Amino acid sequence: MLTLDFHPSGRHFLQIPGPSPVPDRILRAMSLPTIDHRGPEFGALGLELLTKIKQIFKTVNPVIIYPASGTGAWEAALINTLSPGDQVLMFETGHFATLWQKMARRLGIEPEFLSLPGDQGWRHGVQADMIEARLMQDPNHEIKAVCVVHNETSTGVTSDIAAVRRAIDAAGHPALLMVDTISGLASADYRHDEWGVDVTISGSQKGLMLPPGISFNALSDKAINASKSAQLPKSFWAWDEILEANKNGYWPYTPNTNLLYGLNEALDMLLEEGLEHVLARHQRWAAGVRAAVKAWGLEIQCQDPAVYSPVLTGVVMPDDVDADAIRKLIYERFDLSLGMGLGKAKGRMFRIGHLGDCNDLTLIATLGGCEAGMKLAGVPLKDSGVLAALDYFARHPLDADR
């Protein structure tokens with residue numbers, strides 16, 4: 001029999017940038033008895049969820065909830081708005097932007113992938129000026145959508161989505177704006193309506209603090225209108241049937257009832273604390289972790305401080321050090337899981353998640369495990385990152401009177 005909880009003593013430190021640790025309060029909510037998904041009690045739950053989730057996306061428009069991972073929501077965004085052979089403009093910021101581009105091609109869409117030279121695209125955010133310049137070269141409006149990643153989980157970069165919206169508007173182009181904030185939602189500032197996003201994609205297992213299994217499409221009126229003439233085949237993902245069923249709090253198929261219990265509890269937790277406070281503490285945690293990395297004398301994967309992610313920090317190892325070997329050592333010796341380098345960054349870096357169900361001491365312990373592991377492996381460190389983070393948190397209390 002497979003043993004999934006094999007940790008001999010203490011707690012396992014899950015410090016990957018998602019799935020993030022699930023709070024006990026959410027686990028308890030998910031343990032409630034499953035109810036009839038066609039009954040009145042479920043309809044009341046559905047209506048409540050569909051109202052509260054809009055506050056997290058900062059929208060007054062519909063938010064569709066799928067029983068799927070974020071990859072499913074990527075597909076839903078594309079096939080509900082586009083037709084075979086449509087051109088879309090995408091921007092390479094890391095592994096997940098690359099996967100979304102590959103999906104578009106497999107669906108029969110024609111993606112054009114903008115990027116900075118070499119590996120620089122994996123160390124910086126979306127370059128809005130490059131998008132504007134390319135759209136200016138499309139007077140016939142052949143490009144139907146611009147697709148970008150808000151928080152690139154593979155690199156620790158949070159791109160400026162408002163700047164992308166301004167670039168599209170400056171070019172006078174009618175392309176839809178689609179944004180993946182799977183790892184950004186409820187951890188990094190995000191404003192669906194204010195930033196003029198047409199389709200926002202997200203998932204449950206990051207800032208929402210849930211297990212994987214729920215994903216989202218937040219819509220605009222423009223996106224809904226586009227869906228009425230889109231010709232890519234769709235059934236399970238089709239917005240029209242879901243939007244109709246959602247009017248009464250239901251879904252056109254069996255939803256993931258107990259995960260929705262958890263989502264309802266997660267939304268209550270976020271809204272009780274106040275979303276702005278949630279975002280501020282993520283920024284503070286990120287700054288403390290970056291202080292540790294700088295004290296170690298190591299590079300941060302993101303090279304532009306203006307777009308440092310509040311969700312995770314990528315730690316680049318010296319050229320002669322295998323980052324995956326360091327991760328393995330830390331996992332085996334200290335029961336601490338760190339994110340691996342993906343794609344172009346594989347073996348070069350590890351990723352520290354600082355999101356969701358977390359606090360100062362969680363991160364101090366995480367940094368302690370990283371520091372001890374690197375010392376055991378002989379990685380030369382300039383100074384103590386643990387002490388640097390402790391000092392940062394002490395000098396920057398989030399809200400001493402709260």
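How far apart do the C-alpha centres of domain 1 and domain 2 lie? They are 27 Å apart.

This is a predicted model, in which local features need pLDDT of at least 70 and side-chain atom pairs count only at pLDDT 80 or more, while totals for chains, interfaces and linings use all residues. Residues are numbered from 1 along each chain as its sequence is written, and side-chain values use heavy atoms, with hydrogens and water left out.

**Stop 1: the two domains**

Select 13-21 together with 274-395 and colour that set as domain 1, then select 24-271 as domain 2. These bounds come from an automatic or database domain assignment.

**Stop 2: the interface**

Show the residues of each domain that are in contact with the other (contact means heavy atoms within 4.5 Å). There are 34 such residues in domain 1 and 34 in domain 2. The area buried between the domains is about 2600 Å², with carbon and sulfur atoms giving 54% of that area. Buried area here is the accessible area, taken with a 1.4 Å probe, that two parts lose on being put together, summed over both.

The rule finds 3 salt bridges across this interface; a salt bridge is a side-chain nitrogen of Lys or Arg within 4 Å of a carboxyl oxygen of Asp or Glu. Across the interface there are also 17 residue pairs in polar contact, both residues at pLDDT 80 or more. A polar contact is a pair of N or O atoms within 3.5 Å; within protein, one must be able to donate a hydrogen and the other to accept it, and residues adjacent in sequence count only if both atoms are side-chain atoms.

Now keep the domain 1 side that touches domain 2. At least two residues each come from α10 (275-296), β11 (299-300), β12 (312-316) and β14 (349-353). Helices (H or I, at least four residues) and strands (E, at least two) are DSSP runs, numbered from the N terminus. The most is given by α10, with 5 residues. By type, this side has 18 nonpolar, 9 polar and 7 charged residues. In this scheme Ala, Val, Leu, Ile, Met, Phe, Trp, Tyr, Cys and Pro count as nonpolar, Asp, Glu, Lys and Arg as charged, and the others, Gly among them, as polar.

**Stop 3: the sheet**

Select the strands β1, β13, β14, β12 and β11, which in that order form an open sheet with mixed pairing. Two strands pair if DSSP finds at least two bridges between them. At the edges are β1 (13-15) and β11, each pairing on one side only. Strand β13 (residues 336-340) pairs with β14 in the antiparallel sense over 2 bridges. Pick G339 and look across to R351 in β14, which stands opposite.

**Stop 4: the loop between β1 and α1**

V22 is in the loop between β1 and α1 (24-30). Leaving aside neighbours within four places in sequence, V22 is in contact with L27, M209, L210, P211 and D357. P19 is in the loop between β1 and α1 as well, and the peptide bond from G18 to P19 is cis, with omega near 0°.

**Stop 5: two salt bridges and a positive phi**

Which side chain meets R123 in a salt bridge? That of E299 does, at 3.0 Å from N to O. R25 forms a salt bridge with E265, with the closest N and O atoms 2.5 Å apart. R25 is in helix α1 and E265 in helix α9 (residues 257-273), 240 residues apart.

Finally, select K58, in the loop between α2 (40-57) and β2 (63-66). Phi of K58 is near 55°, a positive value in a residue other than glycine. Most residues other than glycine have a negative phi, and most peptide bonds are trans.
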